[in-house]
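Got your viewer open and a selection tool ready? Let's take a walk through this one, stop by stop.

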Amino acid sequence: MGETVLSGRADRVCTVTLNRPDARNAMNSELQRELAIALGAAESDDGVDVVVLTGADPAFCAGLDLRELGTTAENLVGGRDDEHRSPFTVLWTMTKPVIGAINGPAVTGGFELALGCDFLVASERATFGDTHARVGVTPGGGMSVFLPQTVGLRRAKEMSLTGNFVDATEALALRVVNHVVAHDKLLPTAHRLATDIAGNDQQAVRNLKQLYDRGSEVSVGDALALEQERFRNFRVDSSEIDRRRAAVVERGRGQQR
C-alpha cells in the first residue's frame, strides 16, 4: 500500500485514513485503489472487528479529483464491480461495521463514502454537500439511494438539485450523523463507539448489520421474513450467553446512572 491511504490497528479496531490532505483527500484513481485494498484487508483480517474511516485534516473527502476527471477520467469508477478499483463496492459489501469519523467537508463522492458507512460521528468542522449537478456528472457511489434513505426524498432532492451544503449541526438535525463533537474529540469518540461494538458477540453484530442492510432494500414483509428466517437458523451458545450475562447487566446499570 502507498501513502494516499493509511491503515492502523489497535484493540480490534482498524482506522483507515484518506491521506491526500493537500488535495483535500480528493479521490484520484490511486486513492480509490488503495482505499479498496485497505477496506478489503480489514474485512479479511481476523484481528479486526470494526473499521473507523476518516480523513487527514482539513477535509474528510472532497469527492473525485476533478483534475483527473477532466483529463483521463480514470477515477470515474463509481460502484463498479471491481474491488481493486472501487472502494464503494467494497464498502457496500463489508460484513464488519464501518464508522465514519467525518473530520471536515464531505463532498459529492466523499459524501457518498460517508453515506456508505454504517453510521457517522462528525467533528464540529464537518460539512456535507452533493455537487453532482454543479459539476455535471451523475452519481455512481450510492447518492440517489442512501441520501433519501437518510434524510427523506424531498430533502434529498433539495440537497442534490441545489448543490447547497449543510453544516454539522444541520446534519445532526437531518440524522445524517449520529453525533457532533469537538474536533479534538472526534477520533476518541469514534474509537470508543468502535470498542463498544468490538466488545460484543461478533456473530450477533454481523448478523444484525446484515439484517439492517438487507432489510432496508426490501419491503417490510420481506424484511420481517428475512429476520424470522435468520432467527430460526441462528446458532446460540448458551454457555457464552451465561458468561456474558453479568457483564451486560453491570454495563446497563452503569449507563443508566
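Here is a short tour of some strands and a few charged side chains. Keep in mind as you go that this is a predicted model.

**Stop 1: strand β3.** Select residues 50-55, which make up strand β3. Are these residues buried or exposed? Six of the six are buried, so the strand is largely enclosed by the rest of the structure. Now turn on the side chains: V50, V52 and T54 point one way, while V51, L53 and G55 point the other way.

**Stop 2: the neighbours of β3.** Add residues 13-18, strand β2, which runs parallel to β3 and is joined to it by six bridges. To see one of the pairings, pick L18 and look for its bridge partner, G55 in β3. How does the chain get from β2 to β3? Follow it through helix α1 (residues 29-44); this β-α-β crossover is right-handed. Next, select residues 98-102 for strand β4, which pairs with β3 in the parallel sense over four bridges. Here V52 stands opposite I99 in β4.

**Stop 3: a three-stranded sheet.** Move on to an open sheet with the strand order β5-β7-β8 and mixed pairing. Its edge strands are β5 (105-107) and β8 (166-167), each pairing on one side only. Select residues 127-129 to get β7, which pairs with β8 in the antiparallel sense over two bridges. Click T127 and you'll find D167 of β8 opposite.

**Stop 4: salt bridges.** The count of salt bridges comes to eight, and we'll visit a few. Select D49 and R12, whose side chains meet in a salt bridge at 2.5 Å, N to O. D49 sits in the loop between α1 and β3 and R12 in the loop between β1 (5-10) and β2, so this pair ties together parts 37 residues apart in sequence. D49 counts as buried at 4% relative accessibility, but R12 is partly exposed at 37%. Add R206 to your selection, too: salt bridges that share partners join R12, D49 and R206 into one network.

Now try K209 and D118, where the closest N and O atoms are 2.8 Å apart. K209 is in helix α10 (residues 202-215) and D118 in the loop between α4 (109-115) and β6 (119-123), so they link parts 91 residues apart in sequence.

For the last pick, choose E158 and R155, which form a salt bridge at 3.7 Å, N to O. Both lie in helix α7 (residues 153-162), three residues apart, about one turn of the helix.

How values were computed:
Residues numbered from 1 in each chain as written. Predicted model: local features only at pLDDT ≥ 70, side-chain atom pairs only at ≥ 80, totals over all residues. Heavy atoms only, no water. Pairing = 2+ DSSP bridges. Buried < 20%, exposed > 50% of the residue type's maximum accessible area, 1.4 Å probe, protein only. Right-handed = clockwise from strand over helix to strand, strands pointing away. Salt bridge = Lys/Arg side-chain N within 4 Å of Asp/Glu carboxyl O.
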